[in-house]
Amino acid sequence: MTMGNPSPLVSLFQKEDFDDWSKPHIVGGTTEYSALLELQKMQGGDQRKYGNGIIVSVITCTEIKQGIAIETGKTSPQYFNACSIIELHEDDFKALGINKNTNVRVTSAAGSVILKAVVTTQSLYPGLAHIPMGPWANMVVPAYTYSTGEPCFCGFDCLIEPAPEEKVEKAVKLMHDKCGLKYVGDPHYD
């Protein structure tokens, strides 16, 4: 994960208590899931626009391209191409002022990741985005489980910002960074 300039969401999403996930965390007077809605209220005008980005609701799920690519391995180029993307509606590209296949920073209460924005192959409407399940989606999926034992993989809010100069990291480097391990490179993965 490339860190670059911090998103304006960083201070809003800071939490004091990571030990008790049995209840929603209070962040800036809101639950982490409504924090982006609070940002929308502060903005006025276009309710989804924030700075140079937009706020979308994200869903993650498996898809056929990902299923085929996983057979070649999670470090394969096929898996990288199938999973390191975010699918957006054409109207969201216009709202962001970017072209198709531009890299974007996706930030949620859980973290941030750089992904390639592609035109949706799903039936998405403006304001709804799709990230295939995998290491890249896991960077932004909130950990709160609503006492089900499974994170909320669908319907969580994210800020999408253009990041054309940022690099989409490979799965191994992404996991090293997330776990706080030093990545020294590997000719098999780079």
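**Exercise 1. Is K170 buried, partly exposed or exposed, and what is its relative accessibility?**

Conventions come before the solution. The model is predicted, so local features need pLDDT of at least 70 and side-chain atom pairs count only at pLDDT 80 or more, while totals for chains, interfaces and linings use all residues. Residues are numbered from 1 along each chain as its sequence is written, and side-chain values use heavy atoms, with hydrogens and water left out.

*Solution.*
Step 1. Recall the classes: buried means under 20% relative accessible area, exposed means over 50%, and partly exposed lies in between (1.4 Å probe, protein chains only).
Step 2. K170 has 35% relative accessibility and therefore counts as partly exposed.
Step 3. Locate the residue: K170 belongs to the loop between β9 (154–162) and α7. Helices (H or I, at least four residues) and strands (E, at least two) are DSSP runs, numbered from the N terminus.
Step 4. The C-alpha atoms of K170 and Y79 are 9.9 Å apart, although 91 residues separate the two along the chain.

**Exercise 2. Describe the protein as a whole.**

*Solution.*
Step 1. Count the elements: there are seven helices and nine strands.
Step 2. Consider burial: of the 190 residues, 46% are buried.
Step 3. Consider contacts, meaning heavy atoms within 4.5 Å. Of the contacts between residues at least 6 apart in sequence, 69% join residues at least 24 apart.
Step 4. Consider the surface: the accessible area is about 9800 Å², and 54% of it belongs to carbon and sulfur atoms. Such areas come from the Shrake-Rupley method with a 1.4 Å probe; for residues, only the protein chains shown count as cover.

**Exercise 3. Which residues of the largest nonpolar core touch the most other members?**

*Solution.*
Step 1. Define the core: it is a set of buried Ala, Val, Leu, Ile, Met, Phe, Trp, Tyr and Cys residues joined through side-chain atoms within 4.5 Å.
Step 2. The largest core has 34 residues, and I86, V106, V113, I131, W136 and I160 touch the most other members.
Step 3. Take I131 as an example. Leaving aside residues up to four places away in sequence, its contacts include V58, C61, C83, V106 and V140.
Step 4. Compare two cysteines among these contacts: C83 is buried at 0% relative accessibility, whereas C61 is partly exposed at 28%.
Step 5. The structure holds zero disulfides, a disulfide being a pair of cysteine sulfur atoms within 2.5 Å.

**Exercise 4. Where do the buried residues of α7 lie around the helix axis?**

*Solution.*
Step 1. Helix α7 spans residues 171–179, and its buried residues are A171, V172 and L174.
Step 2. Viewed down the axis of α7, these residues fall within an arc of 160°, so they line one face of the helix. The arc is that of the directions from the helix axis to the C-beta atoms.
Step 3. Their cover includes β7 and α6 (135–138).
Step 4. Just after α7, G180 has a positive phi of about 75°.

**Exercise 5. Trace the polar contacts of T107 and S108.**

*Solution.*
Step 1. A polar contact is a pair of N or O atoms within 3.5 Å; within protein, one must be able to donate a hydrogen and the other to accept it, and residues adjacent in sequence count only if both atoms are side-chain atoms.
Step 2. T107 is in strand β6 and is buried, with a relative accessible area of 5%. Its side chain makes a polar contact of 3.2 Å with the side chain of S112.
Step 3. S108 is in the loop between β6 (103–107) and β7 (112–119) and is buried at 3% relative accessibility. A polar atom of the S108 side chain lies 2.5 Å from the backbone oxygen of V140.

**Exercise 6. Examine the loop residues S123 and N101.**

*Solution.*
Step 1. S123, in the loop between β7 and β8 (128–132), is exposed, with a relative accessible area of 77%.
Step 2. N101, in the loop between α5 (90–96) and β6, is partly exposed at 48% relative accessibility. N101 has a positive phi of about 70° although it is not a glycine.
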